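Me: Please take a close look at one part of this structure and work outwards from there. I am in my first year, so go step by step and keep the wording plain.

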Amino acid sequence: RRIGYRNVEVIQGDGYLGWPPLAPYDAILVTAAAPEIPPPLIRQLKADGRLVMPIGTPGGAQELVLIEKTAHEAIRTTPVLPVRFVPFTRLPDH
């Protein structure tokens, strides 16, 4: 608010679980690497939605991946480029 933004909502939680109350989403962007695509994020994508996230091991090989959900709910995964991101972490008890 201090710098004039009015359309931003900050939510603290476990990113692996996404944010079901406002799903489905047209697009999801994840900025930390996970060893696999979190199923809750796939479920929260709209048909024809896109998810972009780094997939791979912390400190190891990672690939930026484009995940697309088709109109028929099929999932298409396309590697984009090699990357190195911080690890995706989970909140305790999840």
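Reply: Glu-73 has a relative accessible area of 47%, so this residue is partly exposed. The class follows from two cut-offs, because buried means under 20% and exposed means over 50%, with partly exposed in between. The model is a predicted one, and every value here is computed from it.

Where is Glu-73 found? Its place is the loop between strand 3 and strand 4. The backbone of Glu-73 has a phi near 70 degrees, which is a positive value in a residue other than glycine. The two strands on either side of this turn form a hairpin, with five residues between them. Strand 3 covers residues 62-69 and pairs with strand 4 in the antiparallel sense, over eight bridges. One position in this pairing can be named: Val-65 stands opposite Pro-79 in strand 4.

Going back along the chain from strand 3 leads to another hairpin, made by strand 2 and strand 3. Here too five residues lie between the strands, and Gly-59 takes a positive phi near 75 degrees. Strand 2 and strand 3 run antiparallel and are joined by seven bridges. Within this pair, Leu-51 stands opposite Ile-67 in strand 3. The loop between strand 2 and strand 3 also holds Gly-60. Gly-60 counts as buried because its relative accessibility is 18%, and the cut-off for buried is under 20%. Pro-35 is 25 residues away from Gly-60 along the chain, yet the C-alpha atoms of the two are separated by 10 Å.

A positive phi also turns up inside a strand. Asp-48 lies in strand 2, and its phi is about 70 degrees although the residue is not a glycine. Is Asp-48 buried or exposed? Its relative accessibility is 54%, so Asp-48 counts as exposed.

Strand 2 has a further partner, strand 1. Strand 1 and strand 2 (residues 45-56) pair in the parallel sense over four bridges. Ala-27 has Arg-50 in strand 2 as its bridge partner, and Leu-29 stands opposite Val-52 in strand 2.

These pairings can now be put together. The four strands make an open sheet with the order 1-2-3-4 and mixed pairing. Strand 1 and strand 4 (75-83) each have a single partner strand and stand at the edges, so one side of each is left without a neighbour in the sheet. On average, neighbouring strands of this sheet are turned by 15 degrees against each other, with direction ignored. In a regular strand, side chains alternate between the two faces of the sheet.

What comes just before the sheet in the chain? The segment before strand 1 contains Pro-24. A cis peptide bond joins Ala-23 and Pro-24, with omega at about 5 degrees.

Next comes the stretch that leads into strand 2. Gln-44 sits in the loop between helix 1 (39-43) and strand 2. Its relative accessible area is 7%, so Gln-44 is buried. A polar atom of the Gln-44 side chain lies 2.9 Å from the backbone nitrogen of Trp-19.

Trp-19 leads on to the largest pocket. Together with Gly-15, Gly-18, Ile-28 and Leu-29, Trp-19 belongs to the residues that lie nearest the centre of this pocket, whose lining has 22 residues. The lining is made up of 14 nonpolar residues, seven polar and one charged. Strand 1 (residues 25-29) gives the most to this lining, with four residues. The volume of the pocket is about 540 Å³. Leu-29 therefore appears twice in this account: it stands opposite Val-52 in strand 2, and it is among the residues nearest the pocket centre.

Last comes the setting of the whole. The protein has one helix and four strands, which run β-α-β-β-β from the N terminus on. Its C-alpha trace spans about 40 × 35 × 30 Å along the principal axes. Of its 94 residues, 32% are buried.

Methods: Residues numbered from 1 in each chain as written. Predicted model: local features only at pLDDT ≥ 70, side-chain atom pairs only at ≥ 80, totals over all residues. Heavy atoms only, no water. 1 Å grid on protein atoms, 1.4 Å probe; cavity = no way out; pocket = protein on both sides within 12 Å on 5 of 7 lines; lining within 4 Å. Points joined across faces, edges and corners; volume = space filled by probe spheres on them. Nonpolar A, V, L, I, M, F, W, Y, C, P; charged D, E, K, R; others polar. Pairing = 2+ DSSP bridges. Axes fitted to C-alpha atoms, helices over the stretch in contact; angles between N-to-C directions. Buried < 20%, exposed > 50% of the residue type's maximum accessible area, 1.4 Å probe, protein only. Polar contact = N/O pair within 3.5 Å; in protein donor to acceptor, adjacent residues only side chain to side chain.
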